[in-house]
Amino acid sequence: MTDDTIYQASQTRLGGILQPLHKNWTPLGALEALPIVIKNFRLKADLEETPDDLEATWLGFLAGDGLDRKT
């Protein structure tokens, strides 16, 4: 959990590395690291539903204090 608005990571790509057996060192494939920036800002969804309307449905049952999963 973070309050930062930017998440930074990297994506790595590695080329082919399998080859027939050789006595000498013969590296294959290129390693590439690409930066990834995900901007995470607070969003708002404009919906017509209100919490009072949803409480009267099955969703309100899930928030009850006397919730018993067996029943």
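**Close-up views of a predicted model**

**View 1. Thr5 beside residues from further along the chain.** Thr5 is partly exposed, because its relative accessible area of 37% falls between the 20% limit for buried and the 50% limit for exposed. In this predicted model, Thr5 sits in the segment before β1. Which residues does Thr5 touch, not counting those up to four places away in sequence? They are Ile38, Lys39, Asn40 and Phe41. For one of these partners, Lys39, the C-alpha atom is 5.9 Å from that of Thr5, although the two residues are 34 apart along the chain.

**View 2. Gln19 in the loop between β1 and β2.** Here we move to the stretch that links β1 (6–14) with β2 (31–39), where Gln19 has its place. Is Gln19 buried, partly exposed or exposed? With a relative accessible area of 33%, Gln19 is partly exposed. Its contacts, leaving out residues up to four places away in sequence, are Thr26 and Leu28. The Thr26 side of this view also offers a polar pair: a polar atom of the Gln19 side chain lies 2.6 Å from the backbone oxygen of Thr26.

**View 3. Leu28 and its contacts.** Leu28 belongs to the loop between β1 and β2, as Gln19 does. Leu28 has a relative accessible area of 43%, so it counts as partly exposed. Setting aside neighbours within four places in sequence, you will find Leu28 in contact with Gly16, Ile17, Leu18 and Gln19. If you would like a backbone distance to go with the Leu18 contact, the C-alpha atoms of Leu28 and Leu18 are separated by 7.8 Å, with their positions 10 residues apart along the chain.

**View 4. A nonpolar surface patch that includes Leu31.** Which residues make this patch? Leu14, Ile17, Leu18 and Leu31 do, and the patch covers about 510 Å². Leu31 is found in strand β2. At 67% relative accessibility, Leu31 counts as exposed, because the value is over 50%. Two members of the patch, Ile17 and Leu18, are also contacts of Leu28 from the previous view.

**View 5. The whole chain, for orientation.** How many helices and strands does the protein chain have? There are 2 helices and 2 strands, and along the sequence they follow the pattern β-β-α-α. Of the 71 residues, 0% are buried. The accessible surface comes to about 7700 Å², and carbon and sulfur atoms contribute 56% of that area. Among contacts with a separation of 6 or more, 48% join residues 24 or more positions apart.

**View 6. Confidence along the chain.** The mean pLDDT of the protein chain is 77, with 70% of the residues reaching 70 or more. Which element has the highest mean pLDDT, and which the lowest? Strand β2 has the highest, at 89, and helix α2 (residues 58–62) the lowest, at 65. A friendly word for anyone picking coordinates: where pLDDT is low, the predicted positions should not be read in detail.

Key
Residues numbered from 1 in each chain as written. Predicted model: local features only at pLDDT ≥ 70, side-chain atom pairs only at ≥ 80, totals over all residues. Heavy atoms only, no water. Helix = DSSP H or I, 4+ residues; strand = E, 2+ residues; numbered from the N terminus. Buried < 20%, exposed > 50% of the residue type's maximum accessible area, 1.4 Å probe, protein only. Contact = heavy atoms within 4.5 Å. Polar contact = N/O pair within 3.5 Å; in protein donor to acceptor, adjacent residues only side chain to side chain. Patch = residues over 30% accessible without salt bridge, like charges linked within 9 Å, V, L, I, M, F, W, Y side chains within 5 Å. Areas by Shrake-Rupley, 256 points an atom, 1.4 Å probe, with all protein chains shown as cover. Salt bridge = Lys/Arg side-chain N within 4 Å of Asp/Glu carboxyl O. pLDDT = per-residue confidence, 0-100.
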